[in-house]
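Here are a few exercises to work through with the structure open in your viewer. Try each task before reading its solution.

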Amino acid sequence: MLQVSLMQTLYIGVFLLLLPCCAPAAPEQMWLLLNNTSDSRDSRGDVDIQILALLQQLAPPDLKIEPLRLGDARTWKLLQAEGNYCALSKIRTAEREAFLLFSKRPTSVYPPVQLISNHKLADHPVDLQLLFRQNPRMKIGIVQGRSYGEKLDELINQYPQHFYQRSGEYAAETLLQMLAKQRLDALLEFAATARGHQAQVPQSSHFVAHQLLNQPVIMGYLVCTQSENGKKLISLIDAKMQLPHYRKQAIELHRQYFTPEDFLLIEADLLQIF
């Protein structure tokens, strides 16, 4: 009887020792920082928000993604610190690569940024430098803190006198209203964003969109802090984005969000990426 009792105690002891190692590991926690502003009045959100929902669906069991809405200044401060902070839809630039880790694939692809104005400025793709020489007092609205791609960012820095920067909630919508009131000559904006605000800015349906010379499609990436946690999170995200279901759905979400005309501009890039 004593021997049986000792054996039972031994079995229970071994079981308790093994229990922690056999329990499922807790998922890695990702705080995904989102701008506390919006460029879209669409109830679905922009294509990035829909991609976020897809990533959350595919995250378990090894990853947990929780969105956190913050202002731009706070977001960039956290992204330059240690921790499990990431952000969505960030354009890849050399400056950002110095302190951020980027996903292998972009999470979103947008048609090239366009020059939007009240009237036709040209019958061909616009060369902004030539346009500035022809119109020395021209003022173009842009959203403060947004990257427009390395080429346009360089031009904005080179000609600051030609750009008016607007920050705050619904900055893009405010700029469209300013254009409608002829307080600006033009905007740098995505066609989808302008369409998304037609209910608030009815005049935008009459705006003229011009292609810009030598502008590529715009790709937004998921980024994480340059830390050990950031490396783990980027590795997990890259694995999720490699899944066939994700790749198929990512293309479909872009197709649903953009007009057929806009989708044609990005389709080849999407098929190559996904």
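**Exercise 1. Take stock of the fold.** Count the helices and strands in the protein chain, then see what share of its residues is buried.

*Solution.* Start with the secondary structure: this predicted model has 11 helices and 11 strands in the protein chain. Next, burial: of the 274 residues, 44% are buried. Finally, look at sequence separation: take the contacts between residues at least 6 apart in sequence, and 78% of them join residues at least 24 apart.

**Exercise 2. Find the cores.** Work out how many residues the largest nonpolar core has and which of them have the most contacts inside it.

*Solution.* The largest nonpolar core has 71 residues, and Met-30, Leu-128, Leu-188 and Leu-222 have the most contacts inside it. Now pick Met-30 and skip its neighbours within four places in sequence: its contacts are Leu-63, Lys-64, Ile-65, Glu-66, Asn-84, Cys-86, Leu-222, Cys-224, Leu-233 and Ile-237. Then check for anything separate: there's a second core of 10 residues, with Leu-79, Leu-100, Tyr-221 and Val-223 among them.

**Exercise 3. Read the faces of a helix.** Decide which residues of α6 (residues 150-158) are buried, and which exposed residues sit on the face turned away from them.

*Solution.* First, list the buried residues of α6: Leu-152, Asp-153, Leu-155 and Ile-156. Looking down the axis of α6, they fall within an arc of 165°, so they line one face of the helix. The face turned away carries Lys-151, Glu-154, Asn-157 and Gln-158, which are exposed. Last, ask what the buried side packs against: that's α5 (128-134), β7 (140-143), β8 (163-166) and β9 (186-189).

**Exercise 4. Compare two helix packings.** Classify how α9 (residues 228-242) sits against α10 (residues 244-257), then do the same for α10 and α11 (residues 260-273).

*Solution.* Take α9 and α10: their axes come within 5 Å and cross at roughly 75°. Since 65 to 115 degrees counts as roughly perpendicular, α9 is roughly perpendicular to α10. Here Lys-240, Met-241 and Gln-242 of α9 meet Pro-244, Tyr-246 and Arg-247 of α10. Sorted by class, that contact has 3 nonpolar, 1 polar and 2 charged residues.

Now α10 and α11: the axes are 10 Å apart, at an angle of about 175°. Angles over 145 count as roughly antiparallel, so α10 is roughly antiparallel to α11. On the α10 side you'll find Ile-251, His-254 and Arg-255, which meet Phe-263, Ile-266, Glu-267, Leu-270 and Leu-271 in α11. This contact divides into 5 nonpolar, 1 polar and 2 charged residues.

Definitions and conventions:
Residues are numbered from 1 along each chain as its sequence is written. This is a predicted model: local features need pLDDT of at least 70, side-chain atom pairs count only at pLDDT 80 or more; totals for chains, interfaces and linings use all residues. Side-chain values use heavy atoms; hydrogens and water are left out. A nonpolar core is a set of buried Ala, Val, Leu, Ile, Met, Phe, Trp, Tyr and Cys residues joined through side-chain atoms within 4.5 Å. Buried means under 20% relative accessible area, exposed over 50%, partly exposed in between (1.4 Å probe, protein chains only). Contact means heavy atoms within 4.5 Å. Helices (H or I, at least four residues) and strands (E, at least two) are DSSP runs, numbered from the N terminus. The arc is that of the directions from the helix axis to the C-beta atoms. Axes are lines fitted to C-alpha atoms, for helices over the stretch in contact, and angles run from 0 to 180 degrees between N-to-C directions. Angles under 35 degrees count as roughly parallel, over 145 as roughly antiparallel, 65 to 115 as roughly perpendicular and the rest as oblique. Ala, Val, Leu, Ile, Met, Phe, Trp, Tyr, Cys and Pro count as nonpolar, Asp, Glu, Lys and Arg as charged, and the others, Gly among them, as polar.
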